[in-house]
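Work through the exercises below with the sequence and the model open. Each task is followed by a solution in steps.

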Amino acid sequence: MGLAPESLVKRAKRRIRSYTILPLTYRLKYGDLGKYLAYSCYIPGWVQENESVALAQAVYSLPPNPVVVEVGSFVGKSAVLLAGARKLQGSGHVHCIDPFDASGDEFSVPFYLRVAKRRRIPLDQWFAENIARAGLTDWVKAHKATGQEVGKTWSTPIDLLYLDGDQSPVGARETYEFFAPHVKSGGMIVLHNTAEREYDPGHDGHYRICQESIRQPDYTDVYRVDMMTFAHKV
Ligand SMILES: C[S@@+](CC[C@H](N)C(=O)[O-])C[C@H]1O[C@@H](n2cnc3c(N)ncnc32)[C@H](O)[C@@H]1O
């Protein structure tokens, strides 16, 4: 049985909105970054519009040829912003670290699995597809592993570190301890899920790091956009 005419009209309207109006609106609002903000909008994930804009602008403003590290990429919603900002500037390396198996802290896993079930392809393939669709394959190096695994042997100085992987207090702290020492003086750290709010048990790892560690004398210019905290390393 075919779709009712109303459904066809509704679907057509949604497509026009998604593929034409949204990119146009974002371009008008955010300039060149709008293109990647629009791509990011179609990808499932957890970053919201204000956070996305702030993250993309922070990465866009880095000095030439920066190293950007994201821990916790899922299917690329925020990675598209990081890599898109660097493509516009014409330099940089973006490392995306994620086991791509929907694992993580106990609270988050059911949410990851619910999204993962929408497609019958592995998450790393879905991630690569989203990055390719945005024309960013050459700008991203994916590491299929946990932050802790990659962190053990990491040695490259980092210009911007974005932490959005394991949200448990232990997992988030371990990842932070591995990578934060590699952030350059004057470089940036960004942590998601850090707003002042009630947290479900075991889901406040990044919030705790902000309370305990993201402050003077180690960090300066600390600010928050919705759930995302930004800071410069002293
Ligand atoms: C909140 S999602 C990331 C969302 C993504 N940044 C976005 O904007 O859509 C967290 C991701 O981190 C992954 N993850 C969980 N534990 C991790 C760890 N120890 N190291 C790296 N990634 C981890 C999860 O499997 C999931 O894909």
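**Exercise 1: Chain-level contacts**

Task: state what share of the contacts with a separation of 6 or more joins residues 24 or more positions apart.

Solution. Residues 24 or more positions apart account for 71% of the contacts in the protein chain with a separation of 6 or more. Two residues are in contact if their C-beta atoms, placed from the backbone, lie within 7 Å. The model is predicted: local features need pLDDT of at least 70, side-chain atom pairs count only at pLDDT 80 or more, and totals for chains, interfaces and linings use all residues. Numbering starts from 1 along each chain, as its sequence is written.

**Exercise 2: Overall form**

Task: list the secondary structure of the protein chain and judge its compactness from the radius of gyration.

Solution. The protein chain has nine helices and seven strands (DSSP runs numbered from the N terminus: helices are H or I, at least four residues; strands are E, at least two). The radius of gyration, taken over C-alpha atoms, is 18 Å. The globule rule (2.2 Å times the number of residues to the power 0.38) gives 17 Å for 234 residues, so the chain is as compact as a globular protein of that length.

**Exercise 3: The nonpolar core**

Task: find the residues with the most contacts inside the largest nonpolar core, and the helix that gives the most to this core.

Solution. A nonpolar core is a set of buried Ala, Val, Leu, Ile, Met, Phe, Trp, Tyr and Cys residues joined through C-beta atoms within 7 Å. A residue is buried if 20 or more other C-beta atoms lie within 10 Å of its own, exposed if 12 or fewer, and partly exposed in between; C-beta atoms are placed from the backbone. The largest core has 59 residues, and Val80, Leu161 and Val190 have the most contacts inside it. Helix H4 (residues 79–89) gives the most, with six residues. Leaving out residues up to four places away in sequence, Leu161 touches Val69, Phe179, Ala180, Val183 and Ile189.

**Exercise 4: Helix H6**

Task: why do the buried residues of H6 line one face of the helix?

Solution. In helix H6 (residues 123–133), Leu123, Trp126, Phe127, Asn130 and Ile131 are buried. Seen down the axis, they fall within an arc of 135° (from the directions of the C-beta atoms from the helix axis), so they line one face. Their cover includes H4, helix H5 (109–116) and strand S3 (140–144). Just after H6, Gly135 takes a positive phi of about 70°.
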